[in-house]
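Work through the exercises below with the coordinates open. Each task is followed by a solution in steps.

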Amino acid sequence: MGATPSDDTTIQLVGAAVDAGAQHVIAAGGVREARDTEAMRAAGAAWFQVGTPFLCTDECGLTREGKELVKRGGVTHVTRSLSGRPARGLCTLVDDERCVPAVYPHVNELTAPLRAEAKRRADATRQSVWAGEPCQAAVGRTAAEIVAELAGTSARAAPG
């Protein structure tokens, strides 16, 4: 385990961390619904970091066109081109791997005007859209509904 992305699943990495004696393990990646949290907890995760399911919520600051791109889904890949760290996102022009990772943070700085103009024009194909797989599962629910599902409860049953 380390800073290099691997082909191991999150549940495999959680199990390896627990086997190595780690405590308070956080499962990050592949957590989309209650059965995922149950499986991660069974593997030893104490906490969960969830991202992609929240992308299409009203509370998310992703642009409308970015949310539409997420709903359509598509090819994702891990890139270091914009942040210098591995991050999974939908393949768009601005995170193309032809941008050599060694030039971070310059790629991020140089593409900022391109991304800003793309946002102004509502062109998600030229914006950074970070999403996991399968991102199509991120359909317009509220953040509260997603949290309730992940916790195995109903948001509608919670007192208002």
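**Exercise 1: cysteines**

The structure holds zero disulfides (a disulfide being a pair of cysteine sulfur atoms within 2.5 Å). The model is predicted: local features need pLDDT of at least 70, side-chain atom pairs count only at pLDDT 80 or more, and totals for chains, interfaces and linings use all residues. Residues are numbered from 1 along each chain as its sequence is written, and side-chain values use heavy atoms, with hydrogens and water left out.

Task: explain why C56 forms no bond with the closest cysteine sulfur.

Solution.
- Step 1. The closest cysteine sulfur to that of C56 belongs to C60, and the distance is 7.5 Å, too far for a bond.
- Step 2. C60 is likewise in no disulfide, the nearest cysteine sulfur being that of C56.
- Step 3. C56 is buried, at a relative accessible area of 6%; buried means under 20%, exposed over 50%, and partly exposed in between, with a 1.4 Å probe and protein chains only.

**Exercise 2: a buried acid**

Task: locate D36 and find which side chain of opposite charge is nearest.

Solution.
- Step 1. D36 sits in helix α2, residues 34-43. Helices (H or I, at least four residues) and strands (E, at least two) are DSSP runs, numbered from the N terminus.
- Step 2. D36 is buried yet lacks a salt bridge, which would require a side-chain nitrogen of Lys or Arg within 4 Å of a carboxyl oxygen of Asp or Glu.
- Step 3. The nearest side chain of opposite charge is R32, 4.4 Å away. Lys and Arg count as positive, Asp and Glu as negative; His and the chain ends are not counted.
- Step 4. A polar atom of the D36 side chain does lie 2.8 Å from the backbone nitrogen of R32.
- Step 5. Not counting residues up to four places away in sequence, D36 touches G30 and V31 (heavy atoms within 4.5 Å).

**Exercise 3: one face of a helix**

Task: list the buried residues of helix α1 (residues 10-19) and say where they point.

Solution.
- Step 1. The buried residues are T10, V14, G15 and A17.
- Step 2. Viewed down the axis of α1, they fall within an arc of 160 degrees, so they line one face of the helix; the arc is that of the directions from the helix axis to the C-beta atoms.
- Step 3. An α-helix has 3.6 residues a turn, so residues three or four places apart point the same way.
- Step 4. The buried residues of α1 pack against β1 (26-28) and α2.
- Step 5. Just after α1, G21 takes a positive phi of about 95 degrees.

Conventions:
Polar contact = N/O pair within 3.5 Å; in protein donor to acceptor, adjacent residues only side chain to side chain.
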